[in-house]
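This briefing concerns the model displayed below. It treats the ligand surroundings, the sheet and a pair of helices in turn.

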Amino acid sequence: MRRSIVWDGAGQLKYEIREIVAVAKKLEAMGMHILFENIGDPIQKGEDLDPWIKDIITGLAAEDSSYRYTDTQGEPATRKFLAAEVNKRGGCRITENDLLFFNGLGDAVAKIFGFLKREARVIGPAPAYSTLSSAEASHSGYEHLTYQLDPGKGWQPDLADIEMKIRYNPSIAGILLINPDNPTGAVYPPETLAAMVDIARKYDLFVVCDETYAHIVYADGVKTHLSEVIGDVPGMALRSISKEYPWPGGRCGWIEVFNQDRDSEFAAYIKSLLDAKRLEVCSTTLPQLSIPLVMGDPRYPAHLERRNRMFEQRAREMHAVLSTVKGITVNMPKGAFYVTVLFDDGVLNDRQTLPIANPRAKEYIEEIVRDVPVDKRFVYYLLGAEGICVVPLTGFCCTLKGFRVTLLECNDEVRTQLWHTLARSIETYLNAD
Ligand SMILES: Cc1ncc(COP(=O)(O)O)c(C=O)c1O
């Protein structure tokens with residue numbers, strides 16, 4: 001090329017959750033059976049969509065009007081329904097004009113960071129969900145700015161760390177949080193959320209709260225939406241049907257915007273997101289049409305409750321097995337459907353191995369573990385030895401060593417075996433050197 005055409009932030013586009021699949025696929029081609037524990041897709045892991053939800057979607061698929069474009073902002077009746085849902089909570093009030101639909105939150109995140117002024121940074125949690133951290137890093141051309149989630153305190157955010165970083169870095173314009181969190185399963189109490197909003201108010205920042213898992217909260221967690229604590233601070237909540245119906249392939253997510261009337265700069269930024277969407281005409285129509293019918297159905301609360309109990313029960317099973325293993329820390333998740341297994345400081349090195357029975361797989365793993373972080377080394381050996389595909393914690397924009405596994409496996413026997421195989425593999429690996 002006569003001139004450079006590669007975007008400065010291109011090197012920051014990392015998505016370990018899917019990159020590990022390339023390694024797993026190679027092992028599959030070598031004859032290994034792989035248990036994919038890397039991706040948060042409940043349907044791929046065998047969950048059946050409730051028949052009544054499927055009936056609603058099938059009914060919509062039979063209507064000609066489902067095949068048209070919708071408004072750029074999103075289907076008006078759906079936005080009205082969702083605004084009323086927010087207003088019922090009694091916190092910050094919004095109208096249908098404060099909602100904007102996207103083709104899944106992946107699309108929303110690309111626009112939120114893609115249309116933010118390059119010098120304006122958003123600080124987010126570490127460990128981080130890669131779509132958010134990569135998009136922020138890529139937009140700025142630098143590494144993502146992070147605050148620490150504290151594993152010693154159930155992965156709660158370190159508020160002093162957040163404030164200190166914001167005070168000394170005037171380029172920070174926003175605070176990002178994920179509640180319930182991916183990858184840790186932490187749920188933040190309302191006081192913590194309110195304290196983060198207070199920091200945003202004090203330093204004149206906006207808040208982005210990813211609420212993908214807002215309705216997957218176990219009995220021990222408190223379900224709190226950003227709208228309930230945001231007060232007068234500009235902010236947005238990110239919502240999606242991907243994990244709730246669940247319908248990840250529907251590619252349907254939206255943002256709820258709070259207090260855009262209180263800050264003209266924030267309002268202009270939100271308008272740029274809508275203008276960017278307008279160039280694409282709109283987001284997918286049919287999933288939007290389904291929202292008032294599904295979420296407004298009297299069966300929906302019981303549907304959410306059943307799934308919450310199911311994931312909580314699985315989390316307990318997991319915790320009963322893994323909490324007995326020496327050398328790791330496993331916090332009991334309070335929401336979402338992920339577990340982060342953290343290796344204790346110093347227990348990993350670059351000599352540990354697991355026995356790999358398949359000779360071609362052994363040769364391949366021994367080749368690719370050179371020069372990788374020590375937790376990724378464990379993940380590769382686990383994949384080669386047991387065919388279990390998890391994601392290393394260093395892939396979540398984080399220096400702590402560990403891995404993320406999901407609670408999504410629907411086959412009870414396979415899931416029980418998964419926890420025991422993980423426990424045995426960790427013990428063997430840590431004693432290998
Ligand atoms: C925290 C978080 N945000 C956003 C997304 C993306 O969701 P969507 O399917 O709506 O693009 C995910 C998907 O795993 C997620 O875990």
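In this predicted model, the ligand is surrounded by 14 residues, of which Gly104, Leu105, Gly106, Ser240 and Ser242 are the closest. Beyond the ligand site, the model contains an open sheet of 8 strands and a packed pair of helices, H2 and H10.

**Ligand surroundings**

- Helix H4, which spans residues 104-114, contributes 3 residues to the shell around the ligand, the largest share.
- By class, the shell consists of 9 polar, 4 nonpolar and 1 charged residues.

**Strand order and edges of the sheet**

- The 8 strands of the open sheet follow the order E2-E9-E8-E7-E6-E3-E4-E5, and their pairing is mixed.
- Strand E2 (99-102) and strand E5 (156-157) are the edge strands, each of them pairing on one side only.
- Helix H5, formed by residues 130-140, packs on the sheet and touches E3, strand E6 (172-178) and strand E7 (206-210).
- The direction of H5 makes about 150° with that of E3.

**Pairing of E3, E4 and E5**

- Strands of a sheet pair through backbone hydrogen bonds, in either a parallel or an antiparallel sense.
- The parallel sense applies to strand E3 (residues 121-126) and strand E4 (residues 146-150), which pair over 3 bridges.
- Within this pairing, glycine 124 has threonine 146 in E4 as its bridge partner, and proline 125 stands opposite tyrosine 147 in E4.
- The antiparallel sense applies to E4 and E5, which pair over 2 bridges.
- Aspartate 150 has glutamine 156 in E5 as its bridge partner.
- E4 and E5 form a hairpin, with 5 residues between the two strands.
- In the turn of this hairpin, glycine 154 has a positive phi of about 65°.

**Packing of H2 against H10**

- Helix H2 (residues 51-61) packs with helix H10 (residues 285-295) at an angle of about 135°, and their axes are 10 Å apart.
- Because of this angle, H2 is oblique to H10.
- The crossing of the two helices, H2 and H10, is right-handed.
- From H2, the residues Ile53, Ile56, Ile57, Leu60 and Ala61 take part in the contact; they meet Leu286, Leu289, Ser290, Leu293 and Val294 of H10.
- The contact of H2 with H10 comprises 9 nonpolar residues and 1 polar residue, with no charged residues.

Technical notes:
Residues numbered from 1 in each chain as written. Predicted model: local features only at pLDDT ≥ 70, side-chain atom pairs only at ≥ 80, totals over all residues. Pairing = 2+ DSSP bridges. Helix = DSSP H or I, 4+ residues; strand = E, 2+ residues; numbered from the N terminus. Contact = placed C-beta atoms within 7 Å. Axes fitted to C-alpha atoms, helices over the stretch in contact; angles between N-to-C directions. Near = placed C-beta within 6 Å. Nonpolar A, V, L, I, M, F, W, Y, C, P; charged D, E, K, R; others polar. Parallel < 35°, antiparallel > 145°, perpendicular 65-115°, else oblique. Left-handed = near helix turned anticlockwise from the far one by under 90°.
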